[in-house]
Each structure stands twice: as structure tokens, then as C-alpha cells.
Amino acid sequence: MARLEQVLILEPPVELKFKGPFTDVVTTNLKLKNPADRKVCFKVKTTAPRRYCVRPNSGIIDPGTTVTVSVMLQPFDYDPNEKSKHKFMVQTVYAPPGVGDMEAVWKDAKSEDLMDSKLRCVFELPVDNEKSNDLEVSKPAAITNASKPDGPAMPKSASVSLDDTEVRKLMEECKRLQVELVKMTDENRQLKDDGLRLRKAAQSGNPVSSTSHVSLRDNGSTALPSLLVVIAAIFIGFFLGKFIL
């Protein structure tokens, strides 16, 4: 076979442009023109076959004719670091007379009979998408800065301080009520002693002085507030225990 001397003309000759956003299929046309007087076989290869659908990806170009190849980029998440990995190559060879089996043509072709035309891929993003990509790149730094405290650690909230104050007040009130309870116990013991002495005096027939009656009435009158204090102490102790637990 004769070697191809750049007889196949590619349009565009150097690169394939794809305009985003790449949320849907993006198609770019590649024109292959054969100005020679012989048929030429072609085959389109890519370094990212899963990303593209090429139709037709191989065939025969008659003399003086042009074939349009559609290169369809599949939807994907654009990564600026990946664009350099996408490349295309158009491989051509003169078609032998009576060509029938294309696979046999490429299998039997010698390296010196092949011509390779390489193309690179260019991705063009809308202005809004480029700005959004810049913002996404800057997000990790912003999050890192936000995670670092600018000053000393904040003190406890006012509500926590208020709760501590209430606990201290309740503890002091509980101590005061305990003291009142001791006093009340002493008064009740005194009342019992006075009542026992009065019963003994009544049984012996000795009159009880008016002073003792007055004292008994006074002690009886103080018993009611003391009882209220005991009830209040019980309730406060109950609620205090639930609050602390």
C-alpha cells in the first residue's frame, strides 16, 4: 500500500470544542474530506470511550467526498483536571481494491501505510458555571476558616447561669427549712410534755393555773405555722430532688 501524504483533510484540524453545561448530550461534528483519487478507510479512536458516542466511528471515504462524523459527549460532572485526558485520533489508510472486510483491512495494514491525525478536546463553560466552579473550589477554605474560633471560648449561656443561681437559692431555702424543722420538733416535744403534765394535773385534781392555759394556747397557735413549714419543706425537697436529677 502507498503511504498517505496528508491527503485526508480534517475540519476542524486541531481540536474538538464542546460547549457546556454538560447536563445533556453535547454534539460536535468532525468533517473528513478525501481530496485523493482513491478510496480511504478511516477509524476514529478516543482516550475516553465511555464518555463519547461516535457515529460513524469507521468507514470508507470515496475520492473527492466528505464524511461528517458526529462526536456526542455524554452528560457528566465537569472536572477541570480531567479535560487534558480527552483526546481523539483519526486513523486512515488507502482502501485496497475490492475491499469488503474492514477488520481485515486494519489487521493487515502496516504501520508505514497508516496516517494518524490527533485532535484535542476543548470544553467551554458558560460564565455562570465558571463562577459556580470557582465558588465550589473556595468553599473548603471558607469552611475551614469558619471552623476555627476567632477568640476565646464563649462562656456558658445565661440560662445555665440562671439555673445555677436558682439551685443555690433552693439549697439555702432547704437549709433554712431544716433549721425551722428542728425548731418545730423541739416545740412539738415541748407541747407533748405540757400536755402530759396537764393530764397528770387533771387526774390528781390540782387546778391548772391560767398561765399554763395561756401558754398551751400560745403553743397550739404556733403549731399550725410549723405544720405548714413542714409541708412546704416536703414539697420543696421533692421538686429540688427532681430538678437536680
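Which residue stands opposite S58 in β6? The first legend has the reply, and every view here comes from a predicted model.

**View 1. Strand β4 meets strand β6.** Look for K43, the residue that stands opposite S58 in β6. Strand β4 covers residues 40-46 and strand β6 covers residues 58-61. The two run antiparallel, and four bridges join them.

**View 2. Strand β4 also pairs with strand β8.** Strand β8 takes in residues 87-94. Its pairing with β4 is antiparallel and extends over seven bridges. To find your way, start at V44, which stands opposite V90 in β8.

**View 3. Two cysteines, C41 and C121.** Are these residues buried or exposed? C41 counts as buried because its relative accessibility is 0%, and buried means under 20%. C121 has a relative accessibility of 8%, so it also counts as buried. If you are looking for disulfides, the structure holds zero of them.

**View 4. The segment annotated as a coiled coil.** An unreviewed UniProt entry gives residues 167-194 the annotation "coiled-coil region". In the model, the chain over residues 167-194 is 100% helix and 0% strand. The C-alpha atoms at the two ends of this stretch lie 40 Å apart.

**View 5. A nonpolar patch on the surface.** Here you can meet L228, I231 and F235, which form the patch. Together they have about 300 Å² of accessible area. To place F235 along the chain, look in helix α4, which spans residues 210-244.

Terms used. Residues numbered from 1 in each chain as written. Predicted model: local features only at pLDDT ≥ 70, side-chain atom pairs only at ≥ 80, totals over all residues. Heavy atoms only, no water. UniProt positions renumbered as here; feature names shortened; annotations may be inferred. Disulfide = S-S within 2.5 Å. Buried < 20%, exposed > 50% of the residue type's maximum accessible area, 1.4 Å probe, protein only. Pairing = 2+ DSSP bridges. Patch = residues over 30% accessible without salt bridge, like charges linked within 9 Å, V, L, I, M, F, W, Y side chains within 5 Å. Areas by Shrake-Rupley, 256 points an atom, 1.4 Å probe, with all protein chains shown as cover. Salt bridge = Lys/Arg side-chain N within 4 Å of Asp/Glu carboxyl O.
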